[in-house]
Amino acid sequence: MVPVPDCLTRGALYPLESRDYADGRLPGASEESAMTLFRGNNGPRLKHVPDEGAPYDTITIDKLTPVIGAEIGGVDLAHPLGNRTLDEIHRALAENLVIFFRDQHITADQHLAFGRLFGELHIHPAAPHEPGKPELMVIHADKDSPRANGEGWHSDVSCDPEPPMGSILYIRKCPPKGGDTLFASMYAAYEALSDRMKTYLEGLTAIHDGEGYRGQYANYGIADKPSYPRAEHPVIRTHPVTGKKALYVNRGFTRRIVGIPADESDGILRYLYDHAENPLFQCRFRWSENAIAFWDNRCVQHRAMWDYWPHTRSGNRVTVKGDRPV
Ligand code: SIN
């Protein structure tokens, strides 16, 4: 029998530096125990060794962290990409999970064409798009906006039975400061789980629900659909390209784990969300105008910061269709 993890009885996330509570005290119980939490002797919580693939010939790679994120140089997306460059971009995405291109000056059609190099394009079930271009989602917030896109941690449209493989966001207008996007590796989140927790989660599935979209885009004059997508996905998925396991639940869409009591599901999900948001697994991208971020939704969650009010941040997202998670 797989034991129910301790986090259900603790209620809150324990600091990640304290792996095993050797003294049996809860975090924060006293100043002394709080200090103990920062004196772990089991090494880092995450022992991640980056993939050292073959060198790149046609592009340059500048990693943001050893865990996730890289800026790509030597590419002008306004011009056709050679096969070699395209292969290297594919590999850079697989190795770094989210890749960034600065100073790109592309038209809407070039943005769409770049997305199509990676697969068929996805149409968002709720969000506004540019006139006549349903695959070109509008990302915009200004002083009058009631909301901004992506303000909570999520994987794009994970409520779809076949959620998007990747998203390509082109930001043309930036605020003077702020508006960063945070990305988190769900491989790292999985790797850093205890073996007991990995065993417990293996084989579990969870419901992802798009009903949260209801009313979200009323300010654009968009009427709600009668229903939004809903799907059941594995809590731990295996990436179809890298073969690595990734945690696949997110605050934005996941509602409950199937086949366990509701209170247990709530406790486990709360723990997993807190765990997945550990800064150890993250990089943070500081946008500049005409930069592009391309992330792999199969192994990444992201969160956009709306810290720039009353300024404007604006661009478009092209989203590439994906497979049913397994
Ligand atoms: C999103 O696609 O969730 C929005 C991300 C962002 O605006 O940085």
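How many bridges join strand S6 to strand S16, and do the two run parallel or antiparallel? In this predicted model, 7 bridges do the job, and the strands run antiparallel.

## The overall picture

Let's step back to the whole protein. DSSP runs give 7 helices and 16 strands. Of the 326 residues, 35% count as buried.

Contacts reach a long way along the chain, too. Take the contacts between residues at least 6 apart in sequence: 79% of them join residues at least 24 apart.

## The sheet

S6 and S16 both belong to an open sheet of 8 strands with mixed pairing. Reading across, the order goes S1-S2-S3-S14-S6-S16-S5-S4. The edges are strand S1 (60–63) and strand S4 (129–130), each of which pairs on one side only.

Back to the opening pair: S6 covers residues 166–173 and S16 covers residues 313–320. If you want one spot to look at, pick Ile171, whose bridge partner in S16 is Gly315. Helix H4 (residues 108–116) packs on this sheet and touches S4, strand S5 (133–141), S6 and S16. The direction of H4 makes about 35 degrees with that of S16.

## Around the ligand

Which residues sit around the ligand? They are Ile139, Asn149, Gly150, Ser167, Leu169, Thr181, Ala304 and Arg317.

By class, that shell has 3 nonpolar, 4 polar and 1 charged residues. The sheet turns up here as well: Ser167 and Leu169 fall in the 166–173 stretch of S6, while Arg317 falls in the 313–320 stretch of S16. Ile139 is also in the shell, and its number lies in the 133–141 range of S5.

How values were computed: Residues numbered from 1 in each chain as written. Predicted model: local features only at pLDDT ≥ 70, side-chain atom pairs only at ≥ 80, totals over all residues. Near = placed C-beta within 6 Å. Nonpolar A, V, L, I, M, F, W, Y, C, P; charged D, E, K, R; others polar. Pairing = 2+ DSSP bridges. Helix = DSSP H or I, 4+ residues; strand = E, 2+ residues; numbered from the N terminus. Contact = placed C-beta atoms within 7 Å. Axes fitted to C-alpha atoms, helices over the stretch in contact; angles between N-to-C directions. Buried ≥ 20, exposed ≤ 12 C-beta atoms within 10 Å, placed from the backbone.
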